[in-house]
Amino acid sequence: MDAPVTGHSLSFVGLFLQADSVVKTVMVLLALASVWGWAVILETFRRLWVAQRSLAPFETGAVVPLAEVAQRPVGAAQRVLAVGLKLVQQERGHAASLVRDHLISAMRVQLGREVRALDRRLPVLATISSSAPFIGLFGTVWGIMNSFTAIASARDTSLATVAPGIAEALLATAMGLVAAIPAVIGYNLLAAAIGRFSARSQAVIADAALKLTRTPAPASQEAA
């Protein structure tokens with residue numbers, strides 16, 4: 001975009017370089033927040049995808065060697081079931097109903113750990129989505145205040161004089177929205193997906209507890 005006669009550039013880089021030091025600091029913080037938010041979103045989706053894949057064999061009825069699950073708990077679902085397998089071996093000989101209750105409680109505790117590991121970075125997205133627009137607004141207010149001060153000093157209210165300063169200020173608000181919008185969408189999608197993963201895992205836990213308490217030697221047999 002061509003620069004106006006005042007020598008101001010209205011390109012993104014030009015607006016950033018011409019901005020006040022406070023507005024520049026706001027823009028840099030918002031850019032870092034946006035990168036951080038995207039990193040959290042992508043990493044959490046990756047971890048959630050791996051966790052959901054670990055559930056698939058136990059939901060589709062595939063034959064899964066229990067000894068292998070106990071020895072190599074490579075996924076979230078396997079780690080949850082490994083807790084139950086160890087508990088069954090320790091409480092062999094007790095009443096099946098009592099063992100089943102212990103199994104469900106122990107596996108739910110492990111599931112809670114897995115869910116917390118998945119959603120532990122969600123507060124970052126919540127913070128970015130709620131604070132970034134206001135940080136951007138602060139940069140805008142500061143920039144506009146400086147623009148009006150400069151206008152008063154120059155005693156020139158022409159559009160060519162006013163526009164660059166206002167554009168620099170509004171860029172901070174735009175960057176705040178760029179950081180906040182993906183963060184709030186990512187938070188909502190991830191929270192819902194983690195909730196579905198937890199519900200699916202609860203069903204697998206109930207099914208596994210029933211099967212394990214019917215199996216005399218779970219470490220050497222196979223579960224559907």
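Here are a few notes on the salt bridges, the nonpolar core and one pocket of this predicted model.

1. Salt bridges, overall. The count comes to two. One pairs R46 with E43, and the other pairs E114 with R79. They are worth looking at one after the other.

2. R46 and E43. Their side chains meet at 2.9 Å, N to O. Both residues sit in helix α2 (residues 21-59), three residues apart, which is about one turn of the helix. As for burial, R46 is partly exposed, with a relative accessible area of 43%. E43 is partly exposed too, at 28%.

3. E114 and R79. Here the N to O distance is 2.7 Å. E114 belongs to helix α5 (residues 96-119) and R79 to helix α4 (residues 76-90), so this pair ties together parts that are 35 residues apart in sequence. Is E114 buried or exposed? The cut-off for buried is under 20% relative accessible area, and E114 has 10% relative accessibility, so E114 counts as buried. R79, at 32%, counts as partly exposed.

4. The core. The largest nonpolar core takes in 47 residues, and L48, L103, M107, L125, I128 and F197 are the ones with the most contacts inside it. Which helices supply at least two residues each? They are α2, α4, α5, α6 (122-154) and α7 (159-212). The largest share comes from α7, with 15 residues. For background, nonpolar side chains tend to be buried together in soluble globular proteins.

5. A look at L103. This residue is one of those with the most contacts inside the core. If you set aside its neighbours within four places in sequence, L103 is in contact with G84, L87, V88, A209, L212 and T213.

6. The second largest pocket. About 150 Å³ of space lies in it. Its lining is made up of L29, L30, L32, A33, W36, V124, T127, I128, S131, A132 and I135. The elements that give two or more residues to this lining are α2 and α6, and α6 gives the most, with six residues.

7. Character of that lining. How many of the lining residues are nonpolar, polar or charged? The split is nine nonpolar, two polar and no charged. I128 deserves a second look when you have the structure open: I128 is among the residues with the most contacts inside the largest nonpolar core, and I128 also helps line the second largest pocket.

Definitions and conventions
Residues are numbered from 1 along each chain as its sequence is written. This is a predicted model: local features need pLDDT of at least 70, side-chain atom pairs count only at pLDDT 80 or more; totals for chains, interfaces and linings use all residues. Side-chain values use heavy atoms; hydrogens and water are left out. A salt bridge is a side-chain nitrogen of Lys or Arg within 4 Å of a carboxyl oxygen of Asp or Glu. Helices (H or I, at least four residues) and strands (E, at least two) are DSSP runs, numbered from the N terminus. Buried means under 20% relative accessible area, exposed over 50%, partly exposed in between (1.4 Å probe, protein chains only). A nonpolar core is a set of buried Ala, Val, Leu, Ile, Met, Phe, Trp, Tyr and Cys residues joined through side-chain atoms within 4.5 Å. Contact means heavy atoms within 4.5 Å. On a 1 Å grid over the protein atoms alone, a cavity is a set of points where a 1.4 Å probe fits but cannot get out, and a pocket is an open set with protein on both sides within 12 Å along at least five of seven lines; lining residues have an atom within 4 Å of a point. Grid points are joined across faces, edges and corners, and a volume is the space filled by probe spheres set on the points. Ala, Val, Leu, Ile, Met, Phe, Trp, Tyr, Cys and Pro count as nonpolar, Asp, Glu, Lys and Arg as charged, and the others, Gly among them, as polar.
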